[in-house]
Amino acid sequence: MNIRHYVAAADFVSLANASSGFLAVVMVATGDLILAAKFILLAVIFDSVDGWVARKTNRVDEHGFGTNMDSLSDVISFGVAPGMLLFCACQSYSIPYLNILVALLIVICGILRLSRFNVLADSSDVPGGDKFVGLPIPITALILGSFYLSGMFRMDLALIIMAVIAVLMISTIEYPKFRGMLLMAGGSVLIIGTILPQNISSAIAYLPAKLLFIFTIIYVIIVPLMELYGRLHRSGPHVR
């Protein structure tokens, strides 16, 4: 069957996502890690737009072509690209090969996360349309990209944070989906503010990246803490 039979407008946005991820890898290879971090953050914007485009164009994806396009693009942009960025950014870390192991963990857990998502997409096992099973994979780009561009990057913290992020992706913790145009617009403004060239004082220039990093970390941490609190509350003793 001709490829044009499957491709829709939303798929071109997914290709822009994949292209951003590939360019991030190219920038890592050339040693420009700042531009690499900006490209993986740009991929997040394209990833958040493709679903909106599919809904606005009333796409009927009966073959699952769009879902597979989205997942394959995400593997590049939010698995391979962040893994490469972390590997190069932490090359001089005191523990040899730890950067390679954590980078590989990001890629492996990202592939597992996306494979599970595709399997559950049409299954009744999905907990609900308003939640993700496991941490969504674009968080790898948001966390690592904003952390690297925030002016407060530390190799030891980056390796610990990204190892935790990788494990949370394959967990069964249910993360709420981002909803509402105001929230999406606010996130996009922060990402754009982070990736734009800055010709002002460093304190102000780093602000969007710092805010993006802090807000994303809060999202990552608060959900497991709330779930743990709920379990402890339900299983605790009932004192009268």
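How many disulfides does a search of the whole structure find? In this predicted model, the search comes back with 0 disulfides. Two cysteines show how that works out. The sulfur of cysteine 88 has its closest cysteine sulfur in cysteine 90, and the gap is 9.7 Å, too far for a bond. Looking the other way gives a matching story: for cysteine 90, the closest cysteine sulfur sits in cysteine 88, at 9.7 Å, again too far for a bond. A disulfide calls for two cysteine sulfur atoms within 2.5 Å, so a pair at 9.7 Å doesn't make the cut. Cysteine 90, for its part, is tucked out of reach of the probe: it is buried, with a relative accessible area of 1%.

Stepping back to the chain as a whole, there are 9 helices and 2 strands. Going along the sequence, these elements come in the order α-α-α-α-β-α-α-β-α-α-α. The chain has 240 residues, and 41% of them count as buried. Its accessible surface adds up to about 13300 Å², with 69% of that belonging to carbon and sulfur atoms. As for who touches whom, take the contacts between residues at least 6 apart in sequence: 79% of these join residues at least 24 apart.

Leucine 41 gives a nice taste of such long-range company. This residue lies in helix 2, which covers residues 33–56, and it counts as buried because its relative accessibility is 0%. Leaving aside residues up to four places away in sequence, leucine 41 touches Ala141, Leu142, Gly145, Ser146, Leu149, Ile191, Thr194, Ile195 and Leu212. Proline 138 also makes a good comparison point: leucine 41 and proline 138 are 97 residues apart in sequence, yet their C-alpha atoms are 8.8 Å apart in space.

Next up is helix 6, running over residues 155–169. With 15 residues, helix 6 reaches 21 Å from its first C-alpha to its last, close to the 21 Å expected at 1.5 Å a residue. Which residues of helix 6 are buried? They are Ala158, Leu159, Ile161, Met162, Ile165, Ala166, Leu168 and Met169. Leucine 157 also has its place in helix 6, but this one counts as partly exposed, at 35% relative accessibility. Between the C-alpha atoms of leucine 157 and phenylalanine 147 there are 9.8 Å, and the two residues are 10 apart along the chain.

Out on the surface, Leu207, Leu211, Ile214, Phe215, Ile218, Ile222 and Met226 make a nonpolar patch of about 630 Å². One of these residues, isoleucine 214, is found in helix 9, spanning residues 207–235. Is isoleucine 214 buried or partly exposed? With a relative accessible area of 42%, isoleucine 214 is partly exposed. A residue needs over 30% relative accessible area to join a patch, so isoleucine 214 clears that bar at 42%.

Finally, there is a backbone detail to look at. Tyrosine 97 has a phi near 70°, which is a positive value in a residue other than glycine. Where does tyrosine 97 have its place? Tyrosine 97 sits in the loop between helix 3 (65–89) and helix 4 (98–120). Tyrosine 97 is also exposed, with a relative accessible area of 62%.

Methods. Residues numbered from 1 in each chain as written. Predicted model: local features only at pLDDT ≥ 70, side-chain atom pairs only at ≥ 80, totals over all residues. Heavy atoms only, no water. Helix = DSSP H or I, 4+ residues; strand = E, 2+ residues; numbered from the N terminus. Expected span 1.5 Å × (residues − 1). Buried < 20%, exposed > 50% of the residue type's maximum accessible area, 1.4 Å probe, protein only. Patch = residues over 30% accessible without salt bridge, like charges linked within 9 Å, V, L, I, M, F, W, Y side chains within 5 Å. Areas by Shrake-Rupley, 256 points an atom, 1.4 Å probe, with all protein chains shown as cover. Salt bridge = Lys/Arg side-chain N within 4 Å of Asp/Glu carboxyl O. Contact = heavy atoms within 4.5 Å.
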